[in-house]
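Subject: The structure for you to look at

Hi,

Here is the structure I promised to pass on. Have it open while you read, and click on each residue as it comes up.

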2 protein chains.
Amino acid sequence: MSHLGHATMEEMEERCAKAGLKLTEPRRLVLQILVESEDHPSVEMVYERARIKDPKVAMATVYRTLNLFHEFGIVTRIDLKESFARYELNWGHHHHLIDVETGEVHEFQNDKIEKLKSQIAAEMGYDLVECVLELYGRKRHAVA
Amino acid sequence: MSHLGHATMEEMEERCAKAGLKLTEPRRLVLQILVESEDHPSVEMVYERARIKDPKVAMATVYRTLNLFHEFGIVTRIDLKESFARYELNWGHHHHLIDVETGEVHEFQNDKIEKLKSQIAAEMGYDLVECVLELYGRKRHAVA
DNA sequence: CTATTTGCAAACAGTTTGCAATGCA
DNA sequence: TGCATTGCAAACTGTTTGCAAATAG
């Protein structure tokens, strides 16, 4: 399993409400898709999945909604070495390990690296605001 | 200063030769630009700088050359939270700290974090192949 | 001399935007 | 009613590609 934890629809709706976001039908739909998704879908994928539930949603709306959610910290944008962006709920800080052979994306968390990151920033005279950390790896084969 | 070290034109030409790359005039030009650059130029910037020395180079050639160099490990592609890519010579492993206020890009190196990265990958059953690590920070103001 | 590389312009992919119609407080 | 949001299509940006001419070994 690639997810460290789960947010519920109720929790996410609550966060939108707190952010003062009007939860219209298409927005709730996009949120729902992300809550249900076990993977890290591209905009296209979110659109496809949304269309199944409501064939009249527009791609542009999906883009606008994801941008809006991102702006309000509801959602996290993932930029891997790809030509498109992926999104996930902003829920529980973690980073990604990408299997270079299969493209699978795994999540991980590590306190030591979190401390080290802030420490490095501090040494350079900065307060850490944000961070991108992606590991690209090849599955280690069991040795006979 | 944002650079940890410098490669010379000779060293880079040598590496191209070893990679079996034909060093044509436009290619040498792009290489030259990168050797001279103290910053992390976008393709557009490389193109502009190249054009000063040779007004007849085409944007497409700059793209093709950078892709080629990237493919052969001569150059590193930097994907910050921007809509375009930046490039730098693949010379001395390091990561980037981006000043969120000014956009300045600083380089850093840290052995502890290198070890930790491989260790995390290993714990997840992977051999680390590559890694993206970007710190985004705000300059810490001196306290009175 | 032959294969590679270039410059140009057109194509392309992902994303954003203008606008009239719709929906919601 | 009035303002925000949607769907659609067109625009836009960064990047890639087809092709004929130029170049390199």
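Below is what I found, starting with how the two protein chains relate and then moving to the DNA and one histidine.

One thing to keep in mind: this is a predicted model.

**The two chains**

Start with chains A and B. A rotation of 180 degrees, with 0.0 Å of shift along its axis, puts chain A on top of chain B with an RMSD of 0.0 Å. The two copies are therefore related as by a two-fold rotation axis. If you want to find that axis on your screen, look for Leu133(A): its C-alpha is the one in chain A nearest the axis, at 2.3 Å. Both copies also use the same surface, as 100% of the contact residues of chain A recur in chain B.

**DNA strand C**

Now for the DNA. Around strand C you'll find 18 residues, and the closest are Tyr63(A), Asn67(A), Thr24(B), Thr61(B) and Arg64(B). Sorted by class, the surface near this strand has 9 nonpolar, 4 polar and 5 charged residues.

Which helices supply at least two residues each to the surface near strand C? They are helix 4 (59-71) of chain A, plus helix 2 (25-36) and helix 4 (59-71) of chain B. Helix 4 of chain A gives the most, with 4 residues.

What part of the DNA does the protein come within 4 Å of? For strand C, 73% of the atoms within 4 Å of the protein belong to sugar or phosphate, and the rest to bases. You can see both kinds in individual atom pairs. On the phosphate side, a polar backbone atom of Ala58(B) is 3.1 Å from a phosphate oxygen of strand C. On the base side, the side chain of Arg64(B) has an N or O atom 2.8 Å from a base nitrogen of strand C, while the side chain of Arg64(A) has one 3.3 Å from a base oxygen of that strand.

**DNA strand D**

Strand D is surrounded by 19 residues, with Thr24(A), Lys56(A), Thr61(A), Arg64(A) and Tyr63(B) the closest. Sugar and phosphate make up 74% of the strand D atoms that come within 4 Å of the protein. The residues of the surface here split into 9 nonpolar, 4 polar and 6 charged.

This time, helix 2 (25-36) and helix 4 of chain A, together with helix 4 of chain B, each supply at least two residues. Helix 4 of chain B gives the most to this surface, with 4 residues.

For phosphate, try Lys56(A), where a backbone N or O atom lies 2.9 Å from a phosphate oxygen of strand D. Then try Asn67(B), where a polar side-chain atom lies 3.0 Å from a phosphate oxygen of strand D. Arg64(B) turns up here too: an N or O atom in its side chain is 3.3 Å from a base oxygen of strand D.

**One histidine to click on**

Last stop is His95(A), which sits in strand 3 (residues 95-99) of chain A. Is this residue buried or exposed? His95(A) counts as buried because its relative accessibility is 3%, and the cut-off for buried is under 20%. Leaving out residues up to four places away in sequence, His95(A) touches His106(A), Glu107(A), Phe108(A), Glu114(A), Lys117(A), Cys131(A) and Leu133(A). With Glu114(A), there is a side-chain to side-chain polar contact at 3.1 Å.

Have fun exploring!

Definitions and conventions. Residues numbered from 1 in each chain as written. Chains lettered and ligands numbered in written order. Predicted model: local features only at pLDDT ≥ 70, side-chain atom pairs only at ≥ 80, totals over all residues. Heavy atoms only, no water. Near = heavy atom within 4 Å. Polar contact = N/O pair within 3.5 Å; in protein donor to acceptor, adjacent residues only side chain to side chain. Nonpolar A, V, L, I, M, F, W, Y, C, P; charged D, E, K, R; others polar. Buried < 20%, exposed > 50% of the residue type's maximum accessible area, 1.4 Å probe, protein only. Contact = heavy atoms within 4.5 Å. Least-squares fit on C-alpha atoms with pLDDT ≥ 70 in both.
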